[in-house]
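This report describes selected side-chain contacts and the overall fold of one protein. The chain is shown first, and the details follow.

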Amino acid sequence: MLPPEQSAENCDLTRPDIRSRLLDLTAGLQLYALSARAVSALTLSALDADALRQWSRRLSGLQSGRRYELAAYASLELLSKQTPYGTIRTVYTELLQLFFWGNPLRGTRGATEENRRSFDPLSSRMHGALEARDIPRFSALLEALLLHELRVTVDALLALGIGEARALLIPDEDEFQAIP
C-alpha cells in the first residue's frame, strides 16, 4: 500500500467510480460520527484492564510518531475488534474497509503542521482520558474527533468538485452533549 502522499499522486480523483467510493467513505464516516460515542462507551466499559492498556499503547504510539490524525482510525479499528456485540462488530468492520479509499484524500491534506495542530489536541486529550479510565470523556472526545474528520473530509470532497458531499448530514457541535 502506498503512503497517503503517493496515493494522492497516483489516484485519478476525477474517475466516477473513485468519486463514488469517496462518497461511500464519507457516509461511513458520518455513521461512525453519529454512533461512536455510544459504541465506544459500551465497548470500553466491557473491556478488562489489559485491553484498555492496549488501546492506550496504540494511542501513545501514534502520539510518539506524531500521527495524531490516525487516532480516530486506530480507535475505530479497536472498536470493530473488541465491541461485545456481533452486529456492531460486523458493521464497524465493514465500514472500516471503506477508509482505505481515504488515503488519497489524506494525501491531499499532506502532513502539514496545520493538519497536525488540528488533530493533536483531541488525540492527546483522548489518550489522557483513556489513561485516567474516564470512559465518558474518551467517548465524547472520539465523537468530536470523528465530527472534525467528517467536516475535513466533506470539505476535501467539495474542493475536488464532488458536490454530492453537501447532502451529508454534519451535525453542529451544539447538537451533541458537551465533552465532560
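In this predicted model, a polar atom of the Arg-19 side chain lies 3.5 Å from the backbone oxygen of Gly-161. Arg-19 is found in helix 2, which spans residues 16-46. Leaving aside residues up to four places away in sequence, Arg-19 touches Leu-13, Thr-14, Leu-160, Gly-161 and Ile-162. Gly-161 is thus named both as a contact of Arg-19 and as the residue whose backbone oxygen lies 3.5 Å from the polar side-chain atom.

Is Arg-19 buried or exposed, and which side chain of opposite charge is nearest? Arg-19 is buried, and the nearest such side chain is that of Glu-164, 5.7 Å away. Side chains of opposite charge can pair when their charged atoms come close. A salt bridge requires a side-chain nitrogen of Lys or Arg within 4 Å of a carboxyl oxygen of Asp or Glu, so a separation of 5.7 Å between Arg-19 and Glu-164 does not qualify. Arg-19 accordingly has no salt bridge despite being buried.

**Salt bridges**

Elsewhere, 5 salt bridges are present in the structure. The table gives three of them, with the N to O distance for each pair.

| Positive residue | Negative residue | N to O distance |
|---|---|---|
| Arg-15 | Asp-17 | 2.5 Å |
| Arg-53 | Asp-50 | 2.2 Å |
| Lys-81 | Glu-77 | 3.2 Å |

Arg-15 has a relative accessibility of 39% and counts as partly exposed. Its partner Asp-17, at 41%, also counts as partly exposed.

Arg-53 and Asp-50 both belong to helix 3 and are 3 residues apart, about one turn of the helix. Arg-53 has a relative accessible area of 37% and is partly exposed.

How many residues separate Lys-81 and Glu-77 in helix 4? They are 4 residues apart in this helix (residues 71-82), so about one helical turn lies between them. Lys-81 counts as exposed because its relative accessibility is 55%, whereas Glu-77 counts as partly exposed at 23%. Through salt bridges that share partners, Lys-81 and Glu-77 are joined with Arg-58 into one network.

**Aromatic pairs**

The count of aromatic pairs is 2. In one of them, Tyr-32 and Tyr-92 meet edge-to-face, with ring centres 4.6 Å apart and an angle of 85° between the planes. Tyr-32 lies in helix 2 and Tyr-92 in helix 5 (residues 86-98), so this pair links parts of the chain that are 60 residues apart in sequence. Tyr-32 and Tyr-92 are both buried. Helix 2 therefore carries both Tyr-32 and the buried Arg-19 discussed above.

Trp-55 and Phe-138 also form a pair, with ring centres 5.7 Å apart. Why is this pair edge-to-face? The planes of the two rings stand at 70°, and planes over 60 degrees apart count as edge-to-face. Trp-55 lies in helix 3 (residues 49-64) and Phe-138 in helix 8 (residues 135-159), so the contact ties together parts 83 residues apart in sequence. Trp-55 is buried, with a relative accessible area of 1%. Phe-138 is buried as well, at 0%. Helix 3 holds Trp-55 as well as the salt-bridge partners Arg-53 and Asp-50.

**A loop residue with positive phi**

Where does Arg-133 lie? Arg-133 is in the loop between helix 7 (113-131) and helix 8. Its phi is near 60°, a positive value in a residue other than glycine. With a relative accessible area of 36%, Arg-133 is partly exposed.

**The chain as a whole**

The protein has 8 helices and 0 strands, and along the sequence the pattern reads α-α-α-α-α-α-α-α. Of its 180 residues, 48% are buried; among them are Arg-19, Tyr-32 and Tyr-92, Trp-55 and Phe-138.

Taking contacts between residues at least 6 apart in sequence, 74% join residues at least 24 apart. The two aromatic pairs described above link parts 60 residues apart and 83 residues apart. About 8,900 Å² of the protein is exposed, and carbon and sulfur atoms supply 53% of this area.

Definitions and conventions. Residues numbered from 1 in each chain as written. Predicted model: local features only at pLDDT ≥ 70, side-chain atom pairs only at ≥ 80, totals over all residues. Heavy atoms only, no water. Buried < 20%, exposed > 50% of the residue type's maximum accessible area, 1.4 Å probe, protein only. Lys, Arg positive; Asp, Glu negative; His and termini not counted. Polar contact = N/O pair within 3.5 Å; in protein donor to acceptor, adjacent residues only side chain to side chain. Contact = heavy atoms within 4.5 Å. Phe/Tyr/Trp six-rings, centres within 6.5 Å; stacked < 30°, edge-to-face > 60°. Areas by Shrake-Rupley, 256 points an atom, 1.4 Å probe, with all protein chains shown as cover.
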